[in-house]
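Take a look at the sequence and the 3D structure shown here. Keep both at hand while you read.

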Amino acid sequence: ATQPTHRERGRRLAFVPEWLRLLMRNRMSAFGIVLLTTIVLVTIFAPLLTSQDPANPRSLPGQSPSWENPMGTTDQGYSVYVQVIHGGRISLMVALVATTIAMTIAIVLGLLAAYKGGLVDDVINLFANIFIVITGLPLLIVIASFLDQTGPWVMALIIGFTTWAIETRVLRGQALSLCNRDFILAARASGESTPRIVFRELLPNMLSRIAAGFAFVFINAVFFEAALEFLGFADVNKVSWGTTLYWATVNSTLLQGQWWHFVFPGLAISLTLLSIVFINYGTDELADPRLRLKDKRRGVLR
C-alpha cells in the first residue's frame, strides 16, 4: 500500500477545524479531548450500552462489582453502572449550560468594562467584586435553599449567574492591555460602533484566554453541581453523578464497606475534570502563533 502524499493529508485535514488541529497537536490536550469525547459519547449512547432503566432496581441489593453488574449495586438494587452512564447526561448538561451562561456574561461585561471605562467600568467592577468576595458554594447553597424546586435547568441558571465574576475581572484586565493597540485606535478613529469593536476586534484576540476561562468555569460548574446534589439541595430523584453520591451517603455505604457506590461516580467526576485540565494545556496555541512556530521547529529538529 502506498503512503498518502502531503497533498492528500492536507485534504484530509481540511475537514478538521483549525482550532481542533492545534489542540490535537499537543499531546496533553489531545489526551484530554479523547478522554472527554469518550465520556460524552458514553453518556449520549447510554441507552445502547444497557437496557436497564436507572430508576428501576432489577438486581439484588448491595452486590459488589461482577460481570453482571460491573460497578456493583446499591442498597436498593440499582445498578451503579447504569446510574453512572445515565447520570452523566444531567451532570454534563448542567455544567455546559451553566458555563455558557457564565462565560457569556463574563465576555460581555469584561470587554465592555475595559473598552468603555469610566462609570461603566466602575459599576461592573463593583458587582464583580461583590460576587468574588462571597464564596461560591455557600452562596449557591443559600440560593438553592430558598427555592422550592431545584431541577437541572434551575441549577444551571443558579450556577451560571453566580460564577461569572472571576473571569470578568480576568478578561477585563487582558482587554485593557489591548485597548491602546493600533488596530483598536484605528477602529475608533474610523467611527466603528462599540459592539463591533468589542466583538470584532477585541474578542478574536482573546480566544486563548476565553478558552482557558471556559475550562476553568466548566470545572467549577461540574464541582458545584455535584456538591449541591450531594448535599441534597437538588432533585435527588433525578439520576446524576451528584445524586448517586447523595444516596451513597444516605445509605451509609462507607460504613457498610460498599465502596463501589461512591467510588465509581466520584471517578466519573474526577476523570471529567482531569480531561478539561489536560485540554487546557493546548489552549495557548489557539491565539499565539509563536507557540505554533516553536512546535513546528521541534518537529523539524526531531
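This report covers a cavity, a surface patch, the salt bridges and two loop residues.

## The model and its cavity

The model is predicted. Start with the space inside. A search of the whole structure finds one cavity of 30 Å³ or more. The largest cavity holds about 30 Å³ of space.

Which residues line the largest cavity? They are Q52, D53, P54, N56, P57, R58, Y78, S79 and V82. Sorted by class, this lining has four nonpolar, three polar and two charged residues. Proline and tyrosine count as nonpolar here. Rolling a probe the size of a water molecule over the atoms shows where empty space is left.

## A nonpolar patch on the surface

Now turn to the outside. Seven names make up a nonpolar surface patch: L119, V123, L126, F127, I130, V133 and I134. The patch has an area of about 690 Å².

Take F127 as an example. This residue sits in helix α6, which spans residues 118-133. F127 counts as partly exposed because its relative accessibility is 46%, and partly exposed lies between 20% and 50%.

## Salt bridges between helices

How many salt bridges does a search of the whole structure find? The search finds three. One of them joins D121 and R172. Their closest N and O atoms are 2.7 Å apart. This pair links distant parts of the chain. D121 belongs to helix α6, and R172 to helix α9, residues 165-178. The two are 51 residues apart. Are these partners buried or exposed? D121 counts as buried because its relative accessibility is 10%, under the 20% cut-off. R172, at 17%, counts as buried too.

Another salt bridge forms between the side chains of R209 and E167, with 3.0 Å from N to O. This pair also links distant parts of the chain. R209 lies in helix α12, residues 207-230. E167 lies in helix α9. The separation along the chain is 42 residues. E167 is buried, with a relative accessibility of 2%. R209 is partly exposed, because its value is 23%. Helix α9 therefore appears in both of these pairs, through R172 and through E167.

## A salt bridge with partly exposed partners

E192 and R196 also meet through their side chains in a salt bridge. The N to O distance is 3.0 Å. E192 has a relative accessible area of 34%, so it is partly exposed. R196 counts as partly exposed as well, at 36%.

## Two residues in loops

What is the sign of the phi angle of S252? Phi is positive, near 55°, and S252 is a residue other than glycine. S252 is in the loop between α13 (241-250) and α14 (253-256). With 31% relative accessibility, S252 counts as partly exposed.

Q149 is in another place: the loop between α7 (136-145) and α8 (152-160). Q149 is exposed because its relative accessible area is 67%, over the 50% cut-off. Now compare sequence with space. Q149 and F233 are 84 residues apart in sequence. Their C-alpha atoms are 9.2 Å apart in space.

Technical notes: Residues are numbered from 1 along each chain as its sequence is written. This is a predicted model: local features need pLDDT of at least 70, side-chain atom pairs count only at pLDDT 80 or more; totals for chains, interfaces and linings use all residues. Side-chain values use heavy atoms; hydrogens and water are left out. On a 1 Å grid over the protein atoms alone, a cavity is a set of points where a 1.4 Å probe fits but cannot get out, and a pocket is an open set with protein on both sides within 12 Å along at least five of seven lines; lining residues have an atom within 4 Å of a point. Grid points are joined across faces, edges and corners, and a volume is the space filled by probe spheres set on the points. Patches are made of residues with over 30% relative accessible area and no salt bridge: like charges are joined within 9 Å, nonpolar side chains (Val, Leu, Ile, Met, Phe, Trp, Tyr) within 5 Å. Accessible areas come from the Shrake-Rupley method with a 1.4 Å probe; for residues, only the protein chains shown count as cover. A salt bridge is a side-chain nitrogen of Lys or Arg within 4 Å of a carboxyl oxygen of Asp or Glu. Helices (H or I, at least four residues) and strands (E, at least two) are DSSP runs, numbered from the N terminus. Buried means under 20% relative accessible area, exposed over 50%, partly exposed in between (1.4 Å probe, protein chains only).
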